[in-house]
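Work through these exercises with the model open beside you. Try each task before reading its solution.

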Amino acid sequence: MGTDPDPDLTAGGQTRDAILRAARRWFTQRAFAEVGLRDIALECGVSAALVIKYFGTKERLFAEAVSFEAEARALLDCPLERLGEHLVATLLELHDHARSDPFLRAVMAAFRPNGTEFSASFQRYFAEPLAARLPGPDARLRADLICAQLAGLGAVRLAIKLPAVAALPPERLVELQGPALQNLIDARG
């Protein structure tokens, strides 16, 4: 006897992603104790039971919401000689497809109740591994400058929406911004 597929599972992870995006908003705006699973569920139009189905507990949802591990892995998954363009292209892909920006999330969270957890995860999974990969002097400084440029790109594109940048196709942004990052990666500037 056949059964109907679970509509939440056939959404291809979209429901789970929506819950995670909502949790990130809630946890960057309020202290952990002030956020309820029902608040997050209501924002997504799902039940609190479905949130538990995907994440188990509020603590596990929080841990995943503050983690930059998956995004950092995607951002850093490239040979060093092409990393500048890859960083920009991957960030733009996160903007357009995942509706996420790990750099803006870290900046926004820094001023919120759970900001230290977001910042620690960003440092651990992205900034420190990037610095460890960079050759030459001042690797940590250059890694931090790369983070600053990527955060600025996200802010200008997604938050401030400066028209000239917002109108550029992703390929052109990669072409313009990638070499500037590559200069920092290669210790050339």
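**Exercise 1. Contacts of Val66**

Which residues does Val66 touch, not counting residues up to four places away in sequence?

Solution. First, know the ground rules. This is a predicted model, where local features need pLDDT of at least 70, side-chain atom pairs count only at pLDDT 80 or more, and totals for chains, interfaces and linings use all residues. Residues are numbered from 1 along each chain as its sequence is written, and side-chain values use heavy atoms, with hydrogens and water left out.

Next, apply the contact rule: heavy atoms within 4.5 Å. With residues up to four places away in sequence left out, Val66 touches Glu117, Phe118 and Ser121.

Then place the residue. Val66 sits in helix α5, residues 58–66. Helices are DSSP runs of H or I with at least four residues, strands are E runs of at least two, and both are numbered from the N terminus. Val66 has a relative accessible area of 8%, so it is buried. Buried means under 20% relative accessible area, exposed means over 50%, and partly exposed lies in between, using a 1.4 Å probe and protein chains only.

Finally, check two distances. Leu20 and Val66 are 46 residues apart along the chain, and their C-alpha atoms are separated by 9.7 Å. Val66 and Arg38 are 28 residues apart in sequence, with 19 Å from C-alpha to C-alpha.

**Exercise 2. Ser67**

Find where Ser67 lies, and decide whether Ser67 is buried or exposed.

Solution. Start with location. Ser67 is in the loop between α5 and α6 (69–76). Now read the accessibility. Ser67 has 17% relative accessibility and therefore counts as buried. Last, list its partners. Not counting residues up to four places away in sequence, Ser67 touches Arg24, Arg105, Ser121 and Tyr125.

**Exercise 3. Leu20 and the packing of α2 with α5**

Place Leu20, then describe how α2 and α5 pack.

Solution. Step one: Leu20 belongs to helix α2, residues 14–29. Step two: Leu20 is buried, at 8% relative accessible area. Step three: leaving out residues up to four places away in sequence, Leu20 touches Phe55, Leu61, Glu64 and Ala65.

Step four is the geometry. The angle between α2 and α5 is about 85 degrees, and their axes are 9 Å apart. Axes are lines fitted to C-alpha atoms, for helices over the stretch in contact, and angles run from 0 to 180 degrees between N-to-C directions. That makes α2 roughly perpendicular to α5. The classes are: under 35 degrees roughly parallel, over 145 roughly antiparallel, 65 to 115 roughly perpendicular, and the rest oblique.

Step five is the interface. From α2 come Arg16, Ile19, Leu20, Ala23, Arg24 and Phe27, and from α5 come Lys58, Leu61, Phe62, Glu64 and Ala65. By class, the contact of α2 with α5 has 7 nonpolar, no polar and 4 charged residues. Nonpolar covers Ala, Val, Leu, Ile, Met, Phe, Trp, Tyr, Cys and Pro; charged covers Asp, Glu, Lys and Arg; the others, Gly among them, are polar.

**Exercise 4. α10 against α12**

Describe how α10 and α12 pack, and name the residues that meet.

Solution. Take the angle. Helix α10 (residues 139–159) and helix α12 (residues 170–185) pack at about 160 degrees, with axes 9 Å apart. The two helices are therefore roughly antiparallel. Now take the residues. Arg142, Leu145, Ile146, Gln149, Leu150, Leu153 and Arg157 in α10 meet Pro170, Leu173, Gln177, Ala180, Leu181, Leu184 and Ile185 in α12. By class, this contact has 10 nonpolar, 2 polar and 2 charged residues.

**Exercise 5. Positive phi**

Locate Asp138 and Lys161, and give the phi of each.

Solution. Asp138 is in the loop between α9 (115–133) and α10. Its phi is near 55 degrees, a positive value in a residue other than glycine. Asp138 is exposed, at 53% relative accessible area. Lys161 is in the loop between α10 and α11 (163–167). Phi of Lys161 is also positive, near 55 degrees. Lys161 is exposed, at 54%.

**Exercise 6. Helix α8 and the whole chain**

How many residues of helix α8 are buried, and how many helices has the protein chain?

Solution. In helix α8 (residues 102–109), 6 of the 8 residues are buried, so the helix is largely enclosed by the rest of the structure. They are Pro102, Phe103, Leu104, Arg105, Ala106 and Ala109. Now zoom out. The protein chain has 12 helices and 0 strands. Buried residues make up 42% of its 189 residues.
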